[in-house]
Amino acid sequence: MDLRQVLLPLAFAAVSGAAAAEPVPTVIVDIHALGADRLQAMKNESSVRWAAEFGNELLLGVDPARLGEWTKRPRVRDGLGLLAPEEIWIRDHVCAHQALQPALGVVGGYEVLRQPASVIRFAERSGVVGSALPANGVVAREQRNEAHPKAATAVSSAVQNLVDRVDAERWFATMSALASFNRNSFSPALGAARDWISAHFDANGLVSSRFTFTLENLSNCTPSPPPINIDNPIGLKLGQTLPDEWVVVGAHYDSRNVARCDGTVAPQPGANDNASGCAGVIELARVFANVATERSVLFMCFSGEEQGLWGSRRYVESLQASGEISKVKHMINLDMLGYDASGPLDARVETTAAHAALLGEYSAAAATYAPELNIITSSSTGGGSDHWYFLGAGVPSVFTWENGASVYPHYHKETDVPANMTRARELAGGILKMDAAMLAQKAGLATLFADGFE
Ligand SMILES: [Zn+2]
């Protein structure tokens with residue numbers, strides 16, 4: 001199908017003329033490791049009308065008369081038809097196959113849709129899930145394309161010792177075991193998965209507890225199931241010197257099948273989404289076992305994520321109600337860290353513009369302790385995972401994962417099983433090394449390794 005024919009701008013013509021520019025043909029350019037200067041030069045070419053940067057790919061609106069020149073170039077693939085930048089709508093880490101409107105295509109791991117500019121201007125009220133193109137046109141940037149990419153810092157032997165404890169094979173085994181539970185939020189087996197996670201927290205010297213909440217009145221879940229009480233298992237490592245300052249390491253452990261969100265359609269193994277993240281939380285708890293930290297660390301697995309981030313949302317609301325939210329100094333979220341089909345080992349680090357300085361810290365940690373990763377950063381993270389309500393409460397929070405849910409062909413399907421997670425150990429191992437280094441920095445290493453440290 002020729003998208004250009006389908007997309008002739010009918011809806012666009014109906015938009016009151018003022019704001020929108022004329023739609024032009026688009027191309028997609030592979031800009032992996034292009035470098036800041038060449039990337040800027042490409043954006044400035046006379047045949048380029050506008051540019052939208054999506055990490056390792058660049059979506060360009062080009063002069064219609066010169067489209068042919070572009071399509072003949074190396075590293076260029078077909079675009080998304082005629083588009084104006086005001087119509088670009090970006091969808092990420094949402095159950096897109098359920099959405100009414102299919103994407104035009106995937107660029108740099110993000111689903112790109114076309115919406116009338118009028119809808120985009122009133123997106124919050126119109127209830128469309130996604131986000132507009134940021135004003136600077138940069139949705140995400142490869143660290144290698146930064147003007148000043150973060151270089152490796154001096155290695156701290158204490159941190160390196162922790163990083164060396166990350167065991168990707170052990171993580172893979174944990175992830176595979178979790179994937180064997182039915183972890184739909186409405187499944188009777190969810191409690192068994194919760195207890196299994198808590199047992200791992202106990203085994204690593206953490207103080208286990210549960211945060212219980214009611215999942216109910218789900219407007220986005222059809223048919224809407226009856227209310228149910230479910231839990232977030234928590235493992236507390238008490239800080240040595242600053243116990244009332246907390247770092248949260250979280251990931252959701254529930255899973256879903258795209259067909260229905262109430263668990264009646266099975267199976268929904270959720271190996272990558274998100275046994276991978278929950279197993280990552282357990283792996284970091286192991287890495288930090290017997291390691292004294294200045295701040296307290298709360299290792300936590302959320303439920304109800306797949307119905308709308310309910311576990312993390314209700315937990316954040318409870319901290320806001322009790323006044324304890326100010327204790328949370330940092331939050332690391334892990335969701336889908338085990339798939340990259342080929343090429344560079346892409347890992348995304350996301351937060352909001354208010355906390356953009358954290359992107360440099362994570363990039364430097366990766367350059368130092370996980371140089372195998374090709375880091376892509378974004379300061380326009382969406383509400384697709386459990387960092388969202390922490391960010392909303394003002395907590396500096398970072399989402400670390402693969403290069404978008406859209407790169408994973410088994411997302412929310414019964415085929416989301418460990419065997420389909422290409423290069424799982426390499427990618428998750430790298431992300432967990434980066435996160436271990438950042439957790440050491442954010443929690444602070446109290447005394448150099450109380451005991452049990454080789
Ligand atoms: Zn998920």
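# Close-up views of a zinc site, two sheets and one strand residue

**View 1. His252, a donor of the zinc ion, is buried, with a relative accessible area of 0%.** Buried means under 20% relative accessible area, exposed over 50%, and partly exposed in between, taken with a 1.4 Å probe on protein chains only. Asp273, a second donor, also counts as buried, at 2% relative accessibility. This is a predicted model, in which local features need pLDDT of at least 70 and side-chain atom pairs count only at pLDDT 80 or more, while totals for chains, interfaces and linings use all residues. Residues are numbered from 1 along each chain as its sequence is written, and side-chain values use heavy atoms, with hydrogens and water left out.

**View 2. The zinc ion is held by donor atoms of His252, Asp273 and Asp335.** Donors are N, O and S atoms within 2.8 Å of the metal (3.2 Å for Na, K and Ca); water is not among the atoms, so sites may look incomplete. His252 gives NE2, Asp273 gives one OD atom and Asp335 gives two, at 2.0 to 2.7 Å from the ion. Angles among the four donor atoms run from 50 to 142°, and the site is irregular. Four donors are tetrahedral if all angles lie between 85 and 135 degrees; four are square planar and six octahedral if opposite donors are over 155 degrees apart and all others between 65 and 115; anything else is irregular. Along the chain, the donors follow the spacing H-x20-D-x61-D. His252 belongs to strand β12 (residues 242-252) and Asp273 to helix α10 (residues 271-287), so the pair ties together parts that are 21 residues apart in sequence. Helices (H or I, at least four residues) and strands (E, at least two) are DSSP runs, numbered from the N terminus.

**View 3. Strand β1 pairs with β3 and with β4.** Two strands pair if DSSP finds at least two bridges between them. Strand β1 (residues 26-30) has four of its five residues buried. Five bridges link β1 to β3 (residues 57-62), and these strands run antiparallel. Thr26 stands opposite Gly61 of β3. Three bridges, also antiparallel, link β1 to β4 (residues 76-78), where Val76 is the bridge partner of Val29.

**View 4. An open antiparallel sheet has four strands in the order β6-β7-β5-β8.** Its edge strands, β6 (105-107) and β8 (131-132), each pair on one side only. Strands β5 (residues 88-91) and β7 (residues 110-114) are joined by four bridges. One bridge pair is Arg91 with Glu111 in β7.

**View 5. Ser378 lies in strand β16 (residues 373-378).** Is Ser378 buried or exposed? Ser378 is buried, with a relative accessible area of 1%. Beyond its neighbours within four places in sequence, Ser378 is in contact (heavy atoms within 4.5 Å) with residues including Tyr110, Val139, Glu350 and Leu359. Arg183 is 195 residues from Ser378 in sequence and 30 Å away in space, C-alpha to C-alpha.

**View 6. The two ends of the chain include residues with pLDDT under 50, namely 1-18 and 449-454.** pLDDT is the predictor's confidence in each residue, from 0 to 100. Beyond four places in sequence, the model has 26 contacts for residues 1-18 and 12 for residues 449-454. The protein chain averages a pLDDT of 91, and 92% of the residues score at least 70.
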